[in-house]
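Work through the exercises below with the sequence and the coordinates at hand. Each task is followed by a solution in steps.

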Number of protein chains: 2
Amino acid sequence: SSEILTPEKGLVGRVIFGIKCMVLGLVWKIWDFLKKAWDLAIDDPKKVIHCLKVGIALTVVSLFYYMRPLYEGVGRNAMWAVMTVVVVFESTVGATIYKSLNRVTGTFLAGALALGIHWIASQSGEKFEPIIMGASIFLLASATTFSRFIPSVKARFDYGALIFILTFSLVSVSGYRVEKLLTMAYHRLSTIIIGTSFCIFISMLVCPVWAGEKLHLLAAQNLDKLANSLQACVALYFNDDNDDMAIDHKNLQGYKCVLNSKATEDSMANFARWEPAHGRFNFQHPWRQYLKIGASIRRCACCVEALNTCLSSENQAPEHLKKQLSNICLRVGSSCSSATKELAMTLKTMKKSAKTEFSIEELRSSVKDLQKELKSLPQSLVNQLHTAKAQQSAENEQKERVSTSTAVSLVEIIPLASFASLLIEVSVRIEGIAFAVDELAKLAD
Amino acid sequence: SSEILTPEKGLVGRVIFGIKCMVLGLVWKIWDFLKKAWDLAIDDPKKVIHCLKVGIALTVVSLFYYMRPLYEGVGRNAMWAVMTVVVVFESTVGATIYKSLNRVTGTFLAGALALGIHWIASQSGEKFEPIIMGASIFLLASATTFSRFIPSVKARFDYGALIFILTFSLVSVSGYRVEKLLTMAYHRLSTIIIGTSFCIFISMLVCPVWAGEKLHLLAAQNLDKLANSLQACVALYFNDDNDDMAIDHKNLQGYKCVLNSKATEDSMANFARWEPAHGRFNFQHPWRQYLKIGASIRRCACCVEALNTCLSSENQAPEHLKKQLSNICLRVGSSCSSATKELAMTLKTMKKSAKTEFSIEELRSSVKDLQKELKSLPQSLVNQLHTAKAQQSAENEQKERVSTSTAVSLVEIIPLASFASLLIEVSVRIEGIAFAVDELAKLAD
């Protein structure tokens with residue numbers, strides 16, 4: 001078959017070669033896709049478990065339709081149970097409960113309203129009936145759609161509003177034809193309730209994934225990432241060879257994940273508030289406080305981002321200057337990162353240890369030392385120059401020299417000084433995180 | 001009625017008072033809610049138009065059911081047209097097209113597959129039929145649910161995958177009972193196609209809201225906000241009274257909006273790629289480039305955030321030092337903000353003007369001047385001190401004094417120096433934005 005590959009074969013050969021390439025390309029693409037999927041599955045087995053749960057739930061609900069007695073009772077409306085399972089089953093318990101409650105409430109309210117309006121319409125004669133129905137659909141659909149734009153409604157009842165419009169128009173439209181509207185409504189509501197409660201049970205009992213726990217872990221993970229990122233950044237800036245493990249590109253870039261986590265946090269916090277008490281969390285655990293913690297973590301990550309650009313900046317302080325501040329900056333960096341890790345641990349275990357207080361104290365004292373060092377830095381530089389120059393120059397030349405040398409070293413010092421002051425700002429923001437974590441502890445009590 | 005308010009009335013009075021308070025509270029809450037909704041409507045009339053469009057579309061589709069000829073043809077499946085309109089009609093054209101195409105494709109694929117499997121199952125005897133059906137539902141539902149976790153599938157086909165599972169299980173389940181499966185499938189697909197094409201037409205023809213245009217405007221708005229925020233921040237730092245208009249709290253906080261815009265941008269870019277050519281945008285306009293622009297804008301906003309904290313920092317440079325750099329920093333600030341505004345204009349009009357180049361050049365030269373000024377700053381400070389001290393102290397004391405005074409002023413200078421170097425970093429990032437905008441212009445050609 002290697003003959004086919006030679007271009008001498010002409011048009012036919014080329015076409016075959018082209019098709020071969022296409023097929024190989026397709027196979028490779030599919031292989032790549034499967035590999036990605038496999039990596040995803042290995043990376044987070046909970047996702048696979050969720051998929052199996054959906055499969056089981058759907059198969060079991062289908063039995064409702066297969067079994068004759070249930071078929072007789074619920075009739076064609078059994079498909080609403082299947083539909084409910086497909087649409088309502090989400091990967092976290094909170095999201096499933098949110099969708100379930102919204103679906104049931106939306107269906108019930110819309111059904112009751114539609115029945116009422118249908119009755120009024122049927123009383124007002126054949127001419128007015130379609131007009132009343134059409135006008136009510138128009139008004140309610142517009143108003144409900146508008147309410148979905150209001151942030152507070154969107155956060156809690158977005159899906160319910162959608163289901164409200166859906167059910168209202170379906171009942172109104174089918175009400176025009178089908179006579180046994182009440183029995184239909186009863187059947188539909190009962191199948192939906194069966195479907196939703198089934199979903200809630202499966203999602204809560206079989207390997208549950210709690211949105212609240214996810215939010216909780218996300219905050220702790222973000223703190224860890226921030227700590228590693230910070231440590232790697234400071235170590236890299238001062239070329240600290242002792243800390244080879246820390247200078248890892250993946251660690252260094254960790255803050256980027258943190259900066260982009262807002263959307264996930266918001267949705268998790270929205271779902272978490274629907275969840276019952278689980279694990280160490282009570283019902284109505286102060287989930288909103290996690291958003292505040294998240295915001296303060298992102299504020300800190302923003303500063304770490306600025307710190308990171310000092311690494312790649314064109315203006316770098318000369319090595320001999322860096323060395324002067326190297327020790328104290330590395331100390332501040334490591335105390336920042338250990339305080340952040342302590343906070344992550346406090347969050348994870350939900351227990352405030354003496355170690356947290358201690359690490360914050362250590363952070364404060366190291367920052368004070370850095371500020372002191374910064375103050376004495378020009379003095380020591382000038383002194384160095386004094387002793388160096390004194391030996392080689394005359395008394396009256398020295399004055400001139402000192403000011404020139406200080407001038408040069410001040411410009412050279414600026415990148416280092418801004419690195420140091422960014423580091424101090426990072427420490428201030430870490431205290432902000434500590435404050436938010438403290439507040440959470442108070443609220444959760 | 002004021003008598004009721006007195007506490008002497010006892011229990012009954014208190015109960016009435018409590019009820020009154022509750023009712024008043026409720027009325028106030030509803031009033032507040034309505035006021036918020038009204039503000040929202042005034043703020044963005046396009047949202048109101050969208051709601052009216054949904055109302056009209058739903059009312060018109062309901063006519064499909066009212067009219068007898070259509071009822072005879074399409075039968076009970078007409079409700080699928082209503083359902084489609086409710087679920088598919090989104091506020092932007094791109095989102096509507098995305099959902100429509102996903103819905104039609106998902107329904108068609110799942111329907112065809114379900115029919116095939118149903119035929120195989122019916123050939124294999126009564127015993128195996130439910131087993132084959134159950135196994136296929138389980139496998140397909142699990143696999144498709146898993147595929148929704150894969151980022152590339154989630155971005156483009158999330159809704160399609162949901163509809164695939166939904167249709168497959170509905171057809172499988174109903175196939176067990178209903179004989180005329182093919183006609184039903186045909187009717188259902190045709191009603192869905194009617195519903196979706198209706199939605200697409202209405203959303204495209206009646207006051208269309210394009211996701212692409214929204215994304216485009218969002219980027220330009222973010223640039224404007226950033227420019228205002230930057231200008232306000234620099235002006236406030238140097239207490240520049242000439243720029244009273246700029247020092248507006250709302251302007252100052254503008255960068256926060258920018259930092260939080262990632263989620264909106266992502267979804268808009270996802271929807272925009274489904275949109276046909278409109279206005280100045282071709283089909284397959286390089287929408288992904290807007291994400292890059294957005295990322296570079298956020299990088300810059302991050303830096304502006306760091307700049308902002310210099311305003312509230314405890315360590316402030318003394319006023320006389322600030323004055324030394326005030327003019328040049330204000331110049332850099334205003335050239336940064338005018339360059340950003342120029343870039344916003346370039347984005348808005350999609351035309352690169354000579355002014356943009358010019359403003360970037362001006363930015364570069366002002367930054368160079370700032371760097372020069374920073375270099376000469378210590379020199380000029382020392383010179384000032386020289387002349388001041390020389391008059392009052394002896395020749396041999398002076399040496400000592402100079403170094404001490406320089407030491408003090410260096411520590412005092414650090415906040416100012418880091419403000420200046422952050423400002424320089426902002427200018428570097430603005431050039432990053434300019435680069436991304438340039439790339440967009442090249443790609444769009």
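A residue counts as buried when its relative accessible area is under 20%, as exposed when that area is over 50%, and as partly exposed in between. The model is predicted.

**Exercise 1. Overall make-up of chain A**

Task: State what share of the residues in chain A is buried, and describe the secondary structure, the contacts and the surface of the chain.

Solution:
- Step 1. With the cut-off above, 49% of the 445 residues in chain A are buried.
- Step 2. Chain A has 16 helices and zero strands.
- Step 3. Take the contacts in chain A with a separation of 6 or more: 79% of them are between residues 24 or more positions apart.
- Step 4. The area exposed by chain A is about 22,000 Å², and 64% of it comes from carbon and sulfur atoms.

**Exercise 2. A nonpolar surface patch**

Task: Find the residues that form a nonpolar patch on the surface, and classify Val27(A) as buried, partly exposed or exposed.

Solution:
- Step 1. The patch consists of Leu11(A), Val12(A), Val15(A), Ile16(A), Ile19(A), Val23(A) and Val27(A).
- Step 2. Together these residues have about 650 Å² of accessible area.
- Step 3. Val27(A) belongs to helix 1 of chain A, residues 10–43.
- Step 4. The relative accessible area of Val27(A) is 48%, so Val27(A) is partly exposed.

**Exercise 3. A helix pair**

Task: Describe how helix 9 and helix 12 of chain A cross, and list the residues that meet.

Solution:
- Step 1. Helix 9 covers residues 211–237 and helix 12 covers residues 262–272; their axes come within 8 Å and cross at roughly 145 degrees.
- Step 2. The crossing of helix 9 and helix 12 of chain A is left-handed.
- Step 3. From helix 9 of chain A, the residues in contact are Ala211(A), Gly212(A), Lys214(A), Leu215(A), Leu218(A) and Asn222(A).
- Step 4. Their partners in helix 12 of chain A are Thr264(A), Glu265(A), Met268(A), Ala269(A), Phe271(A) and Ala272(A).

**Exercise 4. Salt bridges within and between chains**

Task: Give the number of salt bridges in the structure, then place the pairs of Arg429(B), Glu431(A) and Arg429(A).

Solution:
- Step 1. Over all chains there are 31 salt bridges.
- Step 2. One of the salt bridges pairs Arg429(B) with Glu305(A), with the closest N and O atoms 2.8 Å apart. This pair crosses between chains, from helix 16 of chain B (residues 395–444) to helix 13 of chain A (residues 287–312). Arg429(B) and Glu305(A) are both buried.
- Step 3. Glu431(A) and Arg364(A) form a salt bridge at 2.9 Å, N to O. The pair links distant parts of the chain, 67 residues apart, with Glu431(A) in helix 16 and Arg364(A) in helix 15 of chain A. Glu431(A) is partly exposed at a relative accessible area of 27%, and Arg364(A) is partly exposed at 38%.
- Step 4. Arg429(A) and Glu305(B) form a salt bridge at 2.8 Å, N to O. Arg429(A) is in helix 16 of chain A and Glu305(B) in helix 13 of chain B, so this pair joins two chains. Arg429(A) is buried at 4% relative accessible area, and Glu305(B) is buried at 3%.
- Step 5. Salt bridges with shared partners connect Arg299(A), Glu425(A), Arg429(A) and Glu305(B) in one network.

**Exercise 5. Surroundings of Asn308(A)**

Task: Decide whether Asn308(A) is buried or exposed, and name the residues that Asn308(A) touches.

Solution:
- Step 1. Asn308(A) lies in helix 13 of chain A.
- Step 2. Its relative accessible area is 9%, so Asn308(A) is buried.
- Step 3. Leaving out residues up to four places away in sequence, Asn308(A) touches Ser229(A), Cys233(A), Leu252(A) and Tyr255(A).

How values were computed: Residues are numbered from 1 along each chain as its sequence is written. Chains are lettered from A and ligands numbered from 1 in the order in which they are written. This is a predicted model: local features need pLDDT of at least 70, side-chain atom pairs count only at pLDDT 80 or more; totals for chains, interfaces and linings use all residues. Side-chain values use heavy atoms; hydrogens and water are left out. Patches are made of residues with over 30% relative accessible area and no salt bridge: like charges are joined within 9 Å, nonpolar side chains (Val, Leu, Ile, Met, Phe, Trp, Tyr) within 5 Å. Accessible areas come from the Shrake-Rupley method with a 1.4 Å probe; for residues, only the protein chains shown count as cover. A salt bridge is a side-chain nitrogen of Lys or Arg within 4 Å of a carboxyl oxygen of Asp or Glu. Helices (H or I, at least four residues) and strands (E, at least two) are DSSP runs, numbered from the N terminus. Buried means under 20% relative accessible area, exposed over 50%, partly exposed in between (1.4 Å probe, protein chains only). Axes are lines fitted to C-alpha atoms, for helices over the stretch in contact, and angles run from 0 to 180 degrees between N-to-C directions. A crossing is left-handed if the near helix is turned anticlockwise from the far one by less than a right angle, and right-handed if clockwise. Contact means heavy atoms within 4.5 Å.
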